[in-house]
Amino acid sequence: MTNKTPKPQPLSQPESDRYWDGLKNEEIWLQRSKATGKFQFYPRQISISDPESGANGLEWVQASGIAELFTFSIVHAAPHPGFVDDLPYIAALVQLAEDVLVPTNIVGVEPEPEALQIGMALKPVFEHSEGGHTLLKFTPA
Amino acid sequence: MPNIQRLKNLSGQAHIVGVGESNKLGKVPEKSPLAHHSEAAINALDDAGMQLSDVDALFTAGWSTLDVGEYLGIQPRYTDSTSVGGSSFVIHVAHALAAIAAGYCEVALITHGQSGRSDRGPIPRNPGTPMAQFEAPYGIIGPPVSYAMAARRYMHQYGEDRTRQAMAEIAVSTRKWANLNPMAYFYDKPTTFDDYHNSKWVAWPFHLLDCCLVTDAGAAIVITTPERARDAKNGSVKILGAGEGHDHSGISQMPDLTSAFGRYTGPQALEMAGVTHSDIDLAMVYDSFTYTVLVSLENLGFCGPGEGPDFVASQRTAPGGDFPLNTNGGGLSYTHPGMYGIFTIVEAARQLRGQAGERQLDNCDLAVAHGTGGLLSSTGTVVLGAE
């Protein structure tokens with residue numbers, strides 16, 4: 001049976017256009033506080049480690065793509081009709097070398113608990129959709 | 001920061017005088033969410049010996065108080081639609097205490113109603129929120145996936161096998177309480193450890209029996225001044241302590257997946273009430289998932305971080321155990337329409353007034369009710385005392 005319901009699409013906001021545009025070019029761009037050197041995800045108008053500096057306190061930096069698995073769930077019941085055909089799929093939080101957590105999917109691995117270890121090394125996979133946006137997923141490095 | 005000395009002066013300055021559910025819980029396609037609000041409101045006011053015309057303050061979540069006030073035909077002089085997930089109604093109890101003590105109002109009505117199972121309309125989402133933008137496209141949507149990822153991290157930190165055992169203990173003990181509550185969805189459904197381990201996966205590491213129900217239900221609470229509480233038809237319950245707050249919205253922004261905001265709201269509520277953990281006779285802890293209970297007991301300070309599995313071992317929280325927990329059967333097996341928090345207060349009030357039927361505790365003078373909302377995002381804790 002074909003699933004006709006589309007998945008939710010990311011609706012980029014002005015402060016996050018740079019992030020989504022970067023993914024289209026298979027690049028991960030993150031915001032970093034000039035004052036504290038801390039990265040943040042997701043993009044904001046202010047740095048949450050140095051809010052007083054406002055937008056001028058932030059700079060965009062390309063991330064290394066080095067990542068490890070922080071936690072995951074293997075989803076067996078679709079939380080949205082758009083994901084019915086994907087079951088079971090791996091929802092995950094991935095820790096980038098820049099010390100931010102990114103919500104994502106792990107692909108290219110069996111959706112079994114035994115196939116996934118917390119801390120395992122991952123590398124990015126850029127999934128270009130027909131809708132024009134690119135999702136950042138990860139696979140074992 | 002909260003001023004504990006001033007909060008201590010607030011302790012006991014309002015009482016719960018009425019609680020009630022809507023007339024039928026579970027699968028109720030013949031009633032709208034607002035119908036549940038109205039039925040529960042009438043039932044809670046009747047429990048208090050009051051009428052809608054007595055109400056001068058209205059609190060609700062999920063809906064605006066504009067809609068609920070209009071539907072009920074009342075014109076409140078104090079209004080609060082704080083909506084931070086299922087904990088909201090516990091937070092409303094604290095807000096009602098403050099509003100009554102300050103003189104804004106005398107009779108506060110908190111209502112809830114949701115048709116989680118049978119609602120005719122989908123819940124609209126704003127696609128521009130950070131959660132919708134950064135989590136939803138990856139199928140990280142709704143509570144099971146998010147709470148499951150938190151639970152998996154807890155397992156990594158504190159041991160997978162003992163966490164699994166703890167989740168099973170909670171799944172089974174809570175459903176034993178439901179077997180004593182005629183209003184509970186699992187009233188006539190005994191549940192064994194084998195049932196737990198054999199139930200299907202929803203979002204690993206969660207089995208189906210790790211997850212709360214999805215039902216249609218409503219509930220309401222009536223709160224008033226200590227003076228007017230003397231006339232309460234079925235007795236009253238003192239609001240002694242409270243705390244509230246939140247530290248994220250989406251799960252990927254949670255500062256520590258193994259510790260929710262109850263680490264602040266629990267100790268604050270107890271300190272405001274001037275009581276300690278060993279004084280507490282009943283814990284009503286929002287159980288959206290078994291894991292929610294595990295982490296909440298640690299956050300509230302009943303045990304330390306990572307000690308939850310030892311704390312709930314050997315059916316200690318079941319009927320007859322020495323730590324009564326979620327005696328109505330909880331969101332896991334009594335009812336859970338989406339935002340369950342109000343039901344923790346309803347049950348605590350019944351136990352403190354000695355009106356809990358077959359599941360009534362022998363000595364119940366102090367109860368803690370703890371709500372968790374969103375994706376482990378917000379918590380509200382109250383300490384309630386028998387009159």
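How many residues does helix H10 of chain B have, and what does it reach from its first C-alpha to its last? Select residues 262-273 of chain B in this predicted model. Helix H10 has twelve residues, and the distance from the first C-alpha to the last is 16 Å. That is close to the 16 Å expected at 1.5 Å a residue.

**Stop 1: the surroundings of H10(B)**

Keep H10(B) selected and colour it by burial. The helix is mostly covered, with nine of its twelve residues buried. From the start of the helix, pick Gly262(B), Arg263(B), Thr265(B) and Gly266(B), which are among the buried residues. Continue with Gln268(B), Ala269(B), Leu270(B), Met272(B) and Ala273(B), which complete the buried set.

Which elements of chain B cover these residues? Show helix H1 (4-10) and helix H11 (290-300) of chain B; both are included in the cover. Then add three strands of chain B that are also part of it: S8 (237-246), S10 (366-373) and S11 (378-386).

Now step just past the end of the helix to Gly274(B). Its phi is positive, at about 70°.

**Stop 2: chain A as a whole**

Hide chain B and show the C-alpha trace of chain A. Along its principal axes the trace spans about 50 × 30 × 25 Å. Switch to a cartoon: chain A contains one helix and eight strands. Following the sequence, the helix precedes the strands, in the pattern α-β-β-β-β-β-β-β-β.

Colour chain A by burial next. Of its 141 residues, 30% are buried. A contact map of the chain is also useful here. Among contacts with a separation of 6 or more, 54% are between residues 24 or more positions apart.

**Stop 3: the two domains of chain A**

Where do the domain bounds fall in chain A? Select 13-63 for domain 1 and 64-141 for domain 2, as given by the domain assignment. The centres of the two domains, taken over C-alpha atoms, are separated by 22 Å.

Next, select the residues where the domains touch. On the domain 1 side there are ten, in contact with 13 residues of domain 2. Helix H1 (17-24) and strand S2 (39-40) of chain A each supply at least two residues of the domain 1 side. The largest share of that side comes from H1(A), with three residues.

Finally, colour the domain 1 side by residue type. Seven of its residues are nonpolar, one is polar and two are charged.

Note on methods
Residues are numbered from 1 along each chain as its sequence is written. Chains are lettered from A and ligands numbered from 1 in the order in which they are written. This is a predicted model: local features need pLDDT of at least 70, side-chain atom pairs count only at pLDDT 80 or more; totals for chains, interfaces and linings use all residues. Helices (H or I, at least four residues) and strands (E, at least two) are DSSP runs, numbered from the N terminus. The expected span of a helix is 1.5 Å times one less than its number of residues. A residue is buried if 20 or more other C-beta atoms lie within 10 Å of its own, exposed if 12 or fewer, and partly exposed in between; C-beta atoms are placed from the backbone. Two residues are in contact if their C-beta atoms, placed from the backbone, lie within 7 Å. Domain bounds come from an automatic or database domain assignment. Ala, Val, Leu, Ile, Met, Phe, Trp, Tyr, Cys and Pro count as nonpolar, Asp, Glu, Lys and Arg as charged, and the others, Gly among them, as polar.
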